[in-house]
There are 2 protein chains.
Amino acid sequence: MNIGVAAARSGLPAKTIRYYEEIGLVRPPRDVNGYRAFGERDVAMLVFLGRARSMGFSIEDCRRLLSLWADQERASADVKALAREHLAEIDAKIAGLRTMRDTLDHLIGQCAGDDRPDCPILESFSAGRPSG
Amino acid sequence: MNIGVAAARSGLPAKTIRYYEEIGLVRPPRDVNGYRAFGERDVAMLVFLGRARSMGFSIEDCRRLLSLWADQERASADVKALAREHLAEIDAKIAGLRTMRDTLDHLIGQCAGDDRPDCPILESFSAGRPSG
DNA sequence: GTTGACCTTCCAGCGACTGGAGCCCTTATC
DNA sequence: GATAAGGGCTCCAGTCGCTGGAAGGTCAAC
């Protein structure tokens with residue numbers, strides 16, 4: 001099947017699929033005309049990649065997950081370890097964003113939001129007074 | 001003052017400061033030897049930028065905030081509106097990450113994490129069975 | 001034979017830096 | 001005066017994961 005069909009069936013843009021081929025995540029064979037010829041297995045890999053990416057795994061993590069997936073001798077412990085590391089990263093990111101969020105929310109609460117120039121938000125970003 | 005001192009005082013890497021000049025966020029004058037000559041006002045701007053960036057504002061938002069900061073005729077409502085928009089973006093990002101986090105956490109909880117190959121995490125990424 | 005949808009490659013750009021090469025300037029020491 | 005260390009300078013390339021667009025080849029339908 002051509003890339004358009006593979007794209008529709010996997011939910012990934014054709015551009016993204018070409019990119020995944022470029023970085024060696026998928027290796028569809030080629031027809032005589034040079035078109036990529038995707039098989040069911042390729043589509044399954046693309047679906048897998050789409051889902052792993054949607055869980056925030058990096059491309060390199062996806063590469064590892066894909067090889068674990070293909071490896072019938074794998075230990076689920078290896079997958080779990082990878083997932084746990086990623087979970088920790090997500091948690092860290094959420095924590096950082098929450099700190100941001102709370103600080104910003106607090107500042108917004110302090111700002112009158114009228115036509116006067118006084119603004120606690122700007123003041124909190126200042127190390128003194130602007131001169132211009 | 002030279003870029004090294006401005007970097008130390010603002011907490012920003014020298015490289016970042018050069019980048020901010022390149023994109024027109026700061027415009028320090030030059031000494032005869034070609035070195036950037038930062039004044040107190042420049043340092044104040046850099047501190048401002050560092051704090052605004054640490055709140056997750058984009059460079060373009062920072063540009064707007066900086067011009068509001070410099071504008072004595074500003075209305076705090078404009079700042080507040082910008083901050084509110086940004087807060088909404090942060091909230092959306094947190095919500096997305098939380099969904100990811102919960103899904104992943106759930107999958108991790110289902111995975112035995114032993115030396116056997118069966119893995120609900122990989123299965124959830126699959127649209128069937130891997131063939132290799 | 002011509003239209004139009006599809007496919008191909010290649011190059012450039014996004015955001016916000018960061019690293020490194022290769023060079024110049026200044027200061028201190030011998 | 002030579003030299004070395006520790007700044008500074010510019011410019012180019014790379015990060016991450018795509019995305020857009022140009023220029024051209026292929027294929028099915030009319």
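Here is a chat between a trainee and a mentor about two protein chains and two DNA strands.

Trainee: What kind of model is this, and how is everything numbered?
Mentor: It's a predicted model, where local features need pLDDT of at least 70, side-chain atom pairs count only at pLDDT 80 or more, and totals for chains, interfaces and linings use all residues. Residues are numbered from 1 along each chain as its sequence is written, chains are lettered from A and ligands numbered from 1 in the order written, and side-chain values use heavy atoms, with hydrogens and water left out.

Trainee: Why are the two copies said to be related as by a two-fold rotation axis?
Mentor: Copies are superposed by least squares on the C-alpha atoms of residues with pLDDT of at least 70 in both. Here, a 180° rotation with 0.0 Å of shift along its axis puts chain B on chain A, at an RMSD of 0.1 Å. The copies are thus related as by a two-fold axis. In chain B, Ile94(B) has the C-alpha closest to that axis, at 3.0 Å.

Trainee: How do you know that the copies meet through the same surface?
Mentor: Contact means heavy atoms within 4.5 Å, and 55 residues of chain B are in contact with 55 residues of chain A. Of the interface residues of chain B, 100% are also interface residues in chain A, so it's the same surface on both.

Trainee: What is the buried area between chain B and chain A?
Mentor: Take the accessible area (1.4 Å probe) that the two parts lose on being put together, summed over both. That comes to about 5,200 Å², with carbon and sulfur atoms giving 69%. Met55(B), Leu122(B) and Phe125(B) supply 14% of what chain B buries against chain A, more than any other three residues.

Trainee: What makes Asp91(B) and Arg101(A) a salt bridge?
Mentor: The rule wants a side-chain nitrogen of Lys or Arg within 4 Å of a carboxyl oxygen of Asp or Glu. This pair has N to O at 2.9 Å, so by that rule it counts. Across the interface of chain B and chain A the rule finds two salt bridges.

Trainee: Which element gives the largest share of the side of chain B that touches chain A?
Mentor: Helix 5 of chain B, with 20 residues. Helices here are DSSP runs (H or I, at least four residues), numbered from the N terminus.

Trainee: On to the DNA. What makes a residue "near" a strand?
Mentor: One of its heavy atoms has to lie within 4 Å of the strand. Of the 19 residues around DNA strand C, Gly4(A), Arg36(A), Lys15(B), Tyr20(B) and Arg53(B) come nearest. Sugar and phosphate make up 68% of the strand C atoms that come within 4 Å of the protein. Helix 2 of chain B gives the largest share of the surface near strand C, four residues.

Trainee: And which residues come nearest to DNA strand D?
Mentor: Lys15(A), Tyr20(A), Arg53(A), Gly4(B) and Arg36(B), out of 19 around that strand. For strand D, helix 2 of chain A gives the most, with four residues.

Trainee: Why does Arg36(B) count as a polar contact of DNA strand D?
Mentor: A polar contact is a pair of N or O atoms within 3.5 Å; within protein, one must be able to donate a hydrogen and the other to accept it, and residues adjacent in sequence count only if both atoms are side-chain atoms. A polar backbone atom of Arg36(B) is 2.7 Å from a phosphate oxygen of strand D, so the pair meets the cut-off. An N or O atom in the side chain of Asn33(A) is 3.0 Å from a phosphate oxygen of strand D.

Technical notes:
Helices (H or I, at least four residues) and strands (E, at least two) are DSSP runs, numbered from the N terminus.
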